[in-house]
Amino acid sequence: MWVRTRATVAGGVVLILVAVIAIWLVVRQVGDNLKFPLTARKCTVQADGRVALDADQMANAATIAAIGAKRGMPERAVVVALATAYQESGLRNLAAGDRDSVGLFQQRPSQGWGTPTQIRDPRYAANRFYAALKKVRGWEEMRVTDAAQRVQRSAFPEAYQKWADDSEVLSRALLGDASGAVTCTVGRTPAMHGAAAAAQLTRNLVLDWGLKGTDPTDPTGLAVTPSDQRDGWRYAHWLVSHAQDHGVKRVRFGALEWTAKNGEWSQVGGDPASRVVAEVFSEG
């Protein structure tokens, strides 16, 4: 009887282990496709489709898109980069992952991607990804998942494709192909206020987009004169995407204005602005 009981217990343990492994494989393959809790989704992107993200994901997506545009990469490259970061990290700048993987793209220091500190910098990580993608011959004609796989060498080469549609929506909005397409709600306690917020916002806008001549000393916010409407919406959507972590209170471009209070774009009176104007929360 004791032998039979031990055998039964051992058999149960084996079945549990098999089930756990099976669940892990399913989650690794499709788990990222499960929707995040709606309460955590503070940003919505609508551009011939709809995507909902939380504030951290939105900020990271905006930086990935900006770095691609800054490098002169086509929109297709931004789609591939966003789909890759979606799959690898859920658009989160992770401190760790499988083996020594780090950051948005789960790049590995041991594979020559850089130091852990470098890879945790979203701009560095995005630049390295785009540089590697550019070296893939014929990537422009590949499926999103095939182009991503040529860079990442993942054990799940088909996994990137499920993020292609959402990444196309994000790229259209973040590259300025839609007006008032990014909306975010900001909590009562934004990460930064006042002059510090304005200075950091200006610095990061310059770093992401490579802008010149932006005044970093305005304690209330910033103003940028875009070369055309598309660039204007690129910067406006970037500012809204970074509203929570940079203390952005208001963004205006053209005849539309976004406010943290409402979290939406609305028509404003007066002459349409030719500049993108952002205001940060004041001190206190």
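This tour moves through a predicted model, with a selection to make at each stop.

**Stop 1: a small group of strands**

Begin by selecting residues 43-46, strand β1, together with residues 50-53, strand β2. These two strands pair in the antiparallel sense over 4 bridges. To follow one bridge, select Thr44, whose partner in β2 is Ala52. The hairpin of β1 and β2 has 3 residues between the strands. Asp48 in this hairpin takes a positive phi near 55°.

Next, add residues 182-184, which form strand β3. Strand β1 pairs with β3 as well, in the antiparallel sense and over 3 bridges. Here the residue to select is Val45, whose bridge partner in β3 is Val182.

**Stop 2: two helices in contact**

Select helix α3, residues 75-89, and helix α5, residues 122-134. Their axes lie 11 Å apart, and the helices pack at an angle of about 125°. That angle makes α3 oblique to α5. The crossing of the two helices is right-handed.

Which residues make the contact? On α3, show the side chains of Ala77, Val78, Val80, Ala81 and Thr84; on α5, show Phe129, Tyr130 and Leu133. Of the residues in this contact, 7 are nonpolar, 1 is polar and none is charged.

**Stop 3: the sheet of five strands**

Now turn to an open sheet of 5 strands, which is antiparallel in its pairing. Reading across the sheet, the order is β4-β8-β5-β6-β7. Which strands form the edges? They are β4, at 221-224, and β7, at 265-267, each of which pairs on one side only. Looking from one strand to the next, the viewer should show a twist that averages 15°.

Within this sheet, select strand β5, residues 248-254, and strand β6, residues 256-259. This pair is joined in the antiparallel sense over 4 bridges. Phe253 stands opposite Leu256 of β6. As a general point while the side chains are displayed, those of a regular strand alternate between the two faces of the sheet.

**Stop 4: the helices on the sheet**

Keep the sheet visible and add helix α8, residues 194-209. Helix α8 lies across β4, β5 and β8, the last of these being residues 273-280. Relative to β4, helix α8 runs at about 30°.

Finally, select helix α9, residues 229-241, which also packs on the sheet. Helix α9 touches β4, β5, β6, β7 and β8. The direction of α9 makes about 170° with that of β5.

Methods: Residues are numbered from 1 along each chain as its sequence is written. This is a predicted model: local features need pLDDT of at least 70, side-chain atom pairs count only at pLDDT 80 or more; totals for chains, interfaces and linings use all residues. Side-chain values use heavy atoms; hydrogens and water are left out. Axes are lines fitted to C-alpha atoms, for helices over the stretch in contact, and angles run from 0 to 180 degrees between N-to-C directions. Angles under 35 degrees count as roughly parallel, over 145 as roughly antiparallel, 65 to 115 as roughly perpendicular and the rest as oblique. A crossing is left-handed if the near helix is turned anticlockwise from the far one by less than a right angle, and right-handed if clockwise. Contact means heavy atoms within 4.5 Å. Ala, Val, Leu, Ile, Met, Phe, Trp, Tyr, Cys and Pro count as nonpolar, Asp, Glu, Lys and Arg as charged, and the others, Gly among them, as polar. Two strands pair if DSSP finds at least two bridges between them.
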